[in-house]
Amino acid sequence: MRICLLGYGRMGHEVEQVALSRGHKIVATVDSDWDTLPSCDIVIEFSRPEAAFNNITKCIQQGLPIVSGTTGWLEQWGKAVDCVKQNNGTLFYASNFSVGVYLFRLINTYMARLMNHYPNYLPTVEETHHIHKLDYPSGTALTIANEMLEYLDSKSETLAYLEPNKVPTHRDDQLLITSIRKDSVPGTHVVKYESEEDVLTLSHEAKGRKGLALGAVLAAEFVVDKKGIYGMEDLIQLD
């Protein structure tokens, strides 16, 4: 495939290395505003929250399939979906392209179904990332928390805060997400259920960005000749 990279920071460089190792060609790397892109088969986008929506919609309007992993812009998700439908476009979006994180999400969902029968356990979510990550909570933390809400009758919405701020005043029906920015941590997500007697913990710790980059390239290979909206559940077939 001929790939254009939108966003050429740490993730962009990782995606480039993985793509080249799999025999693909990088025809452009763009890390600023743009109007048109060189001829390519697909775009992979890891940019900034304030740039992601425009990057995605411009690609779709220009007939370019796009894989995006940027977080912090999903309040405009509905408009992106409309753009894909109106232009018969292609969008593969994931807040996290790690296969391990996707499996973590499946286990987390199953665990929430079980724990719904034990309301004496208080659920919480915690995520830790490097100091350069601008948005909070992480897209992955928000995804796993929202998936928990589908099964936990005691919780109806999420409430996130960034340490070292104090834990905010919150209602019993709010699921707390604690965000921590520390050193160069690639990404750690922890779900806890705590009672007076014990604590159940489910966690995923990334060792680096290579797994994310591989997932993004695999997504591009999967979606390059398709139309519509796709996610990790389409890429990873468990049956």
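Here's a quick tour of this protein, from its overall build down to a few residues worth finding in the viewer. Keep in mind that you're looking at a predicted model. Its secondary structure comes to seven helices and eleven strands. The radius of gyration is 19 Å, close to the 18 Å that the globule rule gives for 239 residues, so the protein is as compact as a globular protein of that length.

**The whole protein**

- Along the principal axes, the C-alpha atoms fill a box of roughly 60 × 35 × 30 Å.
- Of the 239 residues, 47% are buried.
- Take the contacts with a separation of 6 or more: 65% of them come from residues 24 or more positions apart.
- The accessible surface is about 12,400 Å², and carbon and sulfur atoms account for 49% of that.
- There are 22 positive and 31 negative charges, and their mean positions sit 6 Å apart.

**Helix α2 and what it packs against**

- Helix α2 covers residues 49–61, and its buried residues are Ala52, Phe53, Asn55, Ile56, Thr57, Cys59 and Ile60.
- Those buried residues pack against β1, β3 (42–45), β4 (66–68), α3 and β5.
- After α2 comes Gly63, which has a positive phi near 80°.

**Helix α3, with its two faces**

- In α3 (residues 77–87), the buried residues are Ala80, Val81, Cys83 and Val84. They're on the same side of the helix, because they cover an arc of only 160° around its axis.
- As background, an α-helix has 3.6 residues a turn, so residues three or four places apart point the same way.
- Turn to the face of α3 away from the buried side and you'll find the exposed residues Lys79, Lys85 and Gln86.
- The cover over the buried residues of α3 includes α2, β5 (90–93) and β11 (228–230).
- Just after α3 you reach Asn88, in the loop between α3 and β5. Its phi is near 50°, a positive value in a residue other than glycine.

**Ile3, in the first strand listed here**

- Ile3 lies in strand β1, which runs over residues 2–6.
- Ile3 has a relative accessible area of 0%, so it's buried.
- Leaving out residues up to four places away in sequence, Ile3 touches several others, among them Ala19, His24, Val27, Cys40 and Ile44.
- Ile3 and Glu233 are 230 residues apart in sequence, and their C-alpha atoms are 23 Å apart in space.

**The loop between β6 and α5**

- Lys133 lies in this loop, which links β6 (122–129) to α5 (139–149).
- Is Lys133 buried or exposed? Its relative accessibility is 17%, so it counts as buried, the cut-off for that being under 20%.
- Not counting neighbours within four places in sequence, Lys133 is in contact with Thr71, Ser138 and Arg181.
- Pro137 has its place in this loop too, and a cis peptide bond with omega of about -5° joins Tyr136 to Pro137.

**Loops on either side of β8**

- Another cis peptide bond joins Glu163 and Pro164, with omega of about 15°. You'll find Pro164 in the loop between β7 (157–162) and β8 (174–181).
- Asp183 is in the loop between β8 and β9 (188–194). Its phi is near 45°, which is positive even though the residue isn't glycine.
- At 53% relative accessibility, Asp183 counts as exposed.

Note on methods
Residues are numbered from 1 along each chain as its sequence is written. This is a predicted model: local features need pLDDT of at least 70, side-chain atom pairs count only at pLDDT 80 or more; totals for chains, interfaces and linings use all residues. Side-chain values use heavy atoms; hydrogens and water are left out. Helices (H or I, at least four residues) and strands (E, at least two) are DSSP runs, numbered from the N terminus. The radius of gyration is taken over C-alpha atoms; the globule rule is 2.2 Å times the number of residues to the power 0.38. Buried means under 20% relative accessible area, exposed over 50%, partly exposed in between (1.4 Å probe, protein chains only). Contact means heavy atoms within 4.5 Å. Accessible areas come from the Shrake-Rupley method with a 1.4 Å probe; for residues, only the protein chains shown count as cover. Lys and Arg count as positive and Asp and Glu as negative; His and the chain ends are not counted. The place of a charge is taken as NZ of Lys, CZ of Arg, CG of Asp or CD of Glu. The arc is that of the directions from the helix axis to the C-beta atoms.
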